[in-house]
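Subject: Structure handover and notes

Hello,

Here is the structure I said I would pass on. Please open it alongside this message, as the notes are meant to be read with the model on screen.

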Amino acid sequence: MEKIAIGSDHGGFELKEKLINRYKNQGVNFIDLGTHSSDSCDYPDIADKMSESVLKGEADLGILICGTGIGISIAANRHKGIRAAILYDDFTAEMARLHNNANIMVFGGRTMPFEDVARRIDIFLKTRYEGGRHQRRLDKLDEDK
């Protein structure tokens, strides 16, 4: 089983806690990077911790959550080697892994229902990266400009 880190700001705290509870019953042990309350905090700090965890190999994949998923995905994607994708529907959950080899799933705690998020995580986790022509494109993302 893959090591999965999970983190959120205050806007995603409730969803993060629900996901941890759901998946612990399925044997998934999340690495909880915080936040640990609904008190206001800054999403770039959580995105930085997540990106570092994935890039160092402490986690194989990550899940980030803020109010909409937008801010925290922008912050995570500033790190070379991170491919954070907002999984706003089932198709993007599959394509983010199949074509883009995303290493961080992103959700909106205020914009996405829990059951939709859980289903998209399941889709993402069962999908494998296709490689091939997609790798050439991913390599370009990490080129120095």
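What follows is a set of notes on helix packing, a few individual residues, the backbone and the cysteines. Please keep in mind that this is a predicted model.

Helix 1 and helix 5

Helix 1 covers residues 13-24, and its axis comes within 11 Å of that of helix 5, with a crossing angle of roughly 55°. The two helices are therefore oblique to each other, since an angle of that kind falls outside the ranges for roughly parallel, roughly antiparallel and roughly perpendicular. The crossing is right-handed. On the helix 1 side the contact is made by Leu15, Lys18, Leu19, Arg22 and Tyr23, and on the helix 5 side by Phe114, Glu115, Val117, Ala118, Ile121 and Asp122. Sorted by class, the residues of this contact are 7 nonpolar and 4 charged, with no polar ones.

Arg22 is a useful residue to click on here, being part of helix 1. Beyond its neighbours within four places in sequence, Arg22 is in contact with Phe114, Glu115, Ala118 and Asp122. Ala118 is 96 residues away from Arg22 in sequence, yet their C-alpha atoms are 8.5 Å apart. Is Arg22 buried, exposed or partly exposed? Its relative accessible area is 24%, so Arg22 counts as partly exposed.

Helix 4 and helix 5

Helix 5 (residues 114-126) also packs with helix 4 (residues 90-98), at an angle of about 30° and with the axes 8 Å apart. That makes helix 4 roughly parallel to helix 5, because the cut-off for that description is an angle under 35 degrees. This crossing is right-handed. From helix 4, the residues that meet helix 5 are Asp90, Ala93, Glu94, Ala96 and Arg97; from helix 5, they are Arg119, Arg120, Ile123, Phe124 and Leu125. The class count for this contact is 5 nonpolar and 5 charged residues, with no polar ones.

Ile65

Ile65 is in strand 3, which runs over residues 61-66. Its relative accessibility is 0%, so Ile65 counts as buried. Setting aside neighbours within four places in sequence, its contacts are Gly7, Ser8, Asp9, Gly12, Leu15, Lys16, Leu19, Ile72, Phe107, Gly108 and Gly109. Among these, Leu15 and Leu19 also take part in the contact of helix 1 with helix 5. Arg110 lies 45 residues from Ile65 along the chain, with 9.4 Å between the two C-alpha atoms.

Backbone

Two places in the backbone deserve a look. Most peptide bonds are trans, and most residues other than glycine have a negative phi. The bond from Gly34 to Thr35, however, is cis, with omega near -5°. Thr35 sits in the loop between strand 2 (30-32) and helix 2 (43-55).

Asn101 has a positive phi, near 45°, and is not a glycine. Asn101 belongs to the loop that lies between helix 4 and strand 5 (104-108). With a relative accessible area of 22%, Asn101 is partly exposed. Its contacts, apart from neighbours within four places in sequence, are Arg83, Ala96, Tyr129 and Leu138. Of these, Ala96 is also one of the helix 4 residues that meet helix 5. Ile82 is 19 residues from Asn101 in sequence and 9.8 Å from it in space, C-alpha to C-alpha.

Ser40

The loop between strand 2 and helix 2 also holds Ser40. Ser40 is exposed, at 63% relative accessible area. Between Ser40 and Asp142 there are 32 Å in space, C-alpha to C-alpha, and the two are 102 residues apart in sequence.

Cysteines

How many disulfides does a search of the whole structure find? The search finds 0. Cys41 is in no disulfide, and the nearest cysteine sulfur to its own, that of Cys66, is 10 Å away. Cys66 is likewise in no disulfide. A disulfide would need the two sulfur atoms within 2.5 Å. Cys66 is buried, with a relative accessible area of 4%.

Regards

Technical notes:
Residues numbered from 1 in each chain as written. Predicted model: local features only at pLDDT ≥ 70, side-chain atom pairs only at ≥ 80, totals over all residues. Heavy atoms only, no water. Buried < 20%, exposed > 50% of the residue type's maximum accessible area, 1.4 Å probe, protein only. Axes fitted to C-alpha atoms, helices over the stretch in contact; angles between N-to-C directions. Parallel < 35°, antiparallel > 145°, perpendicular 65-115°, else oblique. Left-handed = near helix turned anticlockwise from the far one by under 90°. Contact = heavy atoms within 4.5 Å. Nonpolar A, V, L, I, M, F, W, Y, C, P; charged D, E, K, R; others polar.
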